[in-house]
Amino acid sequence: MTRAENYVTVEFLSRSSNEGFARVAAAGFAAQLDPTLDELGDIKTAVSEAVTNAIVHAYPDKLGKIVLKLKIREGNVLEITVRDWGKGIEDIQQAREPLFTTGGEERSGMGFTIMESFMDRVNIRSAVNRGTSVVMRKRIAARISGKR
């Protein structure tokens, strides 16, 4: 993968109130690629799912650190990484199955499915008791406009 043309890293506590902040931060950073409203919605939804997963599953009974890394790569590709140092995922394939959840009855089990439907690529790395890293990529179509 090529070097990032631009990037930002944000660290925050695994409080549910920070999920909204992460969405806005990702949307604000992605704005420089001139995404459509639909593309922006896709980005915000995928970030929301990844951050919520970290809050609910990585740190179910304590606060922990979450890092959001946003990078613009060559070819108008937005790369989003959501990293935690929590419980980790025992079986990534099982976790990617629609409706599978370890979060109790109120959780839908659709987080990874939603991320995969809104992003071009989703890679998950995890180690039990060491944390999880979710890397998502989305190419933003270049638009012809008088602004550039």
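I'll start with one pair of side chains: Glu 79 and Arg 137 meet in a salt bridge, 2.7 Å from N to O. Glu 79 sits in strand β3, residues 77–84, and Arg 137 sits in strand β5, so this pair ties together parts of the chain that are 58 residues apart in sequence. Both Glu 79 and Arg 137 are buried. Before going on, please keep in mind that this is a predicted model.

Which other residue joins in? Salt bridges with shared partners link Arg 73, Glu 79 and Arg 137 into one network. The contact between Glu 79 and Arg 73 has its closest N and O atoms 3.2 Å apart. Arg 73 is buried, as is Glu 79.

How many salt bridges does a search of the whole structure find? The count is three. One that I have not yet described is between Lys 138 and Asp 42, with the closest N and O atoms 3.4 Å apart. Lys 138 belongs to strand β5, residues 131–139, and Asp 42 belongs to helix α2, residues 37–58, so here the parts tied together are 96 residues apart in sequence. Lys 138 and Asp 42 are both buried. As general background, side chains of opposite charge can pair when their charged atoms come close.

Now the overall layout. The chain has four helices and five strands. Going along the sequence, you will meet them in the pattern β-α-α-β-β-α-α-β-β. There are 148 residues, and 42% of them count as buried. If we take the contacts with a separation of 6 or more, 66% of them are between residues 24 or more positions apart. The exposed area of the chain is about 8300 Å², and carbon and sulfur atoms supply 48% of that.

Next, the end of that pattern. Strand β4, residues 121–127, runs antiparallel to β5, and seven bridges join the two. To pick out one position, Ser 126 has Thr 132 as its bridge partner in β5. What lies between the two strands? β4 and β5 form a hairpin with three residues between them, and in the turn Asn 129 has a positive phi of about 65°. The strand β5 of this hairpin is also where we found Arg 137 and Lys 138.

Two loop residues also have a positive phi. Asp 34 is in the loop between α1, residues 17–30, and α2. Its phi is near 55°, a positive value in a residue other than glycine. Is Asp 34 buried or partly exposed? With a relative accessible area of 26%, Asp 34 is partly exposed. The other residue, Asn 76, is in the loop between β2, residues 65–73, and β3. Phi of Asn 76 is near 60°, again positive and again in a residue other than glycine.

Last, helix α1. Which of its residues are buried? They are Asn 18, Glu 19, Ala 22, Ala 26, Ala 27, Phe 29 and Ala 30. In general, an α-helix has 3.6 residues a turn, so residues three or four places apart point the same way. What covers the buried residues of α1 includes β1, residues 6–13, along with α2, β2 and β3.

To go back to where I began: Arg 73, Glu 79 and Arg 137 make one network, and Lys 138 pairs with Asp 42. That is all I have.

Methods. Residues are numbered from 1 along each chain as its sequence is written. This is a predicted model: local features need pLDDT of at least 70, side-chain atom pairs count only at pLDDT 80 or more; totals for chains, interfaces and linings use all residues. Side-chain values use heavy atoms; hydrogens and water are left out. A salt bridge is a side-chain nitrogen of Lys or Arg within 4 Å of a carboxyl oxygen of Asp or Glu. Buried means under 20% relative accessible area, exposed over 50%, partly exposed in between (1.4 Å probe, protein chains only). Contact means heavy atoms within 4.5 Å. Accessible areas come from the Shrake-Rupley method with a 1.4 Å probe; for residues, only the protein chains shown count as cover. Two strands pair if DSSP finds at least two bridges between them.
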